[in-house]
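Good morning. I will go through one structure today, in a few short parts. Please have a look at it before I begin.

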Amino acid sequence: MILTDGDILKAIEEGSIVIKPFVRECLGSNSYDVHLGKKMAVYTEEVLDAKKSNPVKSFEIPEEGFVLQPGELYLGVTEEHTETHCHVPFLEGKSSTGRLGISIHATAGKGDVGFVGTWTLEIEATKPVRVYAGMPIGQLLYFSANVQNLLVPYNKKQNAKYNNQIDEPVGSMMYRNDF
Ligand SMILES: Nc1ccn([C@H]2C[C@H](O)[C@@H](COP(=O)(O)OP(=O)(O)OP(=O)(O)O)O2)c(=O)n1
């Protein structure tokens with residue numbers, strides 16, 4: 001079951017969902033709008049290697065915005081730091097960003113019960129488009145989960161790669177998988 005606005009507010013009051021900063025106007029009927037953080041990164045190598053830590057170049061979106069170019073993969077970050085202890089969070093795009101040809105994740109929209117941190121965005125643009133720090137970029141949806149049967153929340157997993165990522169886009173750590 002997906003959480004409605006009242007359910008999300010209740011979970012925030014109880015502390016099982018944390019969204020910082022939280023702005024009441026960003027709460028939709030069954031979602032919460034998240035915003036583009038200042039920091040972005042691009043991979044510096046032309047060819048990425050799934051077995052390696054691929055170097056990135058970080059930069060800040062200037063006041064006048066930054067033009068995303070088609071064909072490039074940008075790693076972005078949400079302004080919001082979130083914690084979700086009893087629900088499964090999902091990151092989704094927004095219709096208004098989609099209509100500008102911007103996608104914010106490459107197949108990875110699901111979060112985990114227990115995930116704590118800012119979200120890394122995998123941003124691509126269909127046409128050149130200027131984006132700004134602080135603009136609404138996506139939304140979080142929350143699904144109820146049977147936490148009575150949860151064995152290990154994400155923040156307690158030894159091998160969780162992306163827990164506690166804070167305010168910086170984090171590149172792929174696929175190299176930590178055993179393959
Ligand atoms: N676009 C996204 C999607 C997810 N996450 C965060 C929330 C998730 O709880 C966490 C892990 O996501 P996945 O399980 O999809 O990632 P992996 O399977 O690659 O990592 P792990 O092995 O740590 O589970 O990353 C994120 O920051 N940005």
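There are five salt bridges in this structure, and I should say at once that the model is a predicted one. The background is simple: side chains of opposite charge can pair when their charged atoms come close. I will show three of these bridges.

Take K39 and E168, whose side chains meet in a salt bridge with N to O at 3.2 Å. Where in the chain do these two residues sit? K39 belongs to strand β3, residues 39-43, while E168 is in the segment after β11. They are 129 residues apart, so this pair links distant parts of the chain. As for exposure, K39 has a relative accessible area of 28% and is therefore partly exposed. E168 is also partly exposed, at 34%.

The next pair is D49 and K52, and the closest N and O atoms of this salt bridge are 3.6 Å apart. Is each partner buried, partly exposed or exposed? D49 has 30% relative accessibility and counts as partly exposed. K52 has 52%, and the cut-off for exposed is over 50%, so K52 counts as exposed.

Then there is K110 with D112, where the closest N and O atoms lie 3.0 Å from each other. D112 is partly exposed at 26%, and K110, at 47%, is partly exposed as well. Keep D112 in mind, as the name comes back with the ligand.

Let me return to β3, the strand that holds K39. Is this strand largely enclosed or open to the outside? Four of its five residues are buried, so β3 is largely enclosed by the rest of the structure. What does β3 pair with? One partner is β4, residues 56-60, which pairs with β3 in the antiparallel sense over five bridges. In that pairing K39 stands opposite E60. Another partner is β6, residues 74-84, joined to β3 by two bridges and also antiparallel. Here V42 of β3 faces Y74 of β6. In general, strands of a sheet pair through backbone hydrogen bonds, either parallel or antiparallel.

Now for a sheet. Three strands make an open sheet in the order β2-β11-β7, and the pairing is antiparallel. Which strands are at the edges? They are β2, residues 32-35, and β7, residues 87-92, each of which pairs on one side only. From one strand to the next, the twist averages 35 degrees. Between β2 and β11, which covers residues 136-144, there are four bridges. Y32 stands opposite L140 of β11.

Strand β2 also contains D33. Its relative accessible area is 17%, and the limit for buried is under 20%, so D33 is buried. The side chain of D33 makes a polar contact of 3.1 Å with the side chain of K94.

Next, the ligand. How many residues are around it, and which come nearest? There are 15 around it, and the nearest are D112, T120, Y154, K161 and Q165. So much for the list; here are some individual distances. For Y154, a polar side-chain atom lies 2.6 Å from an oxygen atom of the ligand. For K161, an N or O atom of the side chain is 2.7 Å from a ligand oxygen. With A108 the backbone is involved: one of its N or O atoms lies 2.9 Å from a nitrogen atom of the ligand. On its own the ligand has 580 Å² of accessible area, and the protein covers 79% of that.

Last, some backbone details. Most residues other than glycine have a negative phi, and most peptide bonds are trans. Which residues here depart from that? The peptide bond from K20 to P21 is cis, with omega near -5 degrees. P21 is in the loop between β1 and β2. T107 has a positive phi, near 70 degrees. It sits in the loop between β8 and β9, and at 81% relative accessibility T107 counts as exposed. D167 has a positive phi too, near 60 degrees. D167 is found in the segment after β11, the segment that also holds E168. With 43% relative accessibility, D167 counts as partly exposed.

That is the end of my part. Thank you.

How values were computed
Residues are numbered from 1 along each chain as its sequence is written. This is a predicted model: local features need pLDDT of at least 70, side-chain atom pairs count only at pLDDT 80 or more; totals for chains, interfaces and linings use all residues. Side-chain values use heavy atoms; hydrogens and water are left out. Two strands pair if DSSP finds at least two bridges between them. Axes are lines fitted to C-alpha atoms, for helices over the stretch in contact, and angles run from 0 to 180 degrees between N-to-C directions. A salt bridge is a side-chain nitrogen of Lys or Arg within 4 Å of a carboxyl oxygen of Asp or Glu. Buried means under 20% relative accessible area, exposed over 50%, partly exposed in between (1.4 Å probe, protein chains only). A residue is near a molecule or strand if one of its heavy atoms lies within 4 Å of it. A polar contact is a pair of N or O atoms within 3.5 Å; within protein, one must be able to donate a hydrogen and the other to accept it, and residues adjacent in sequence count only if both atoms are side-chain atoms. Accessible areas come from the Shrake-Rupley method with a 1.4 Å probe; for residues, only the protein chains shown count as cover.
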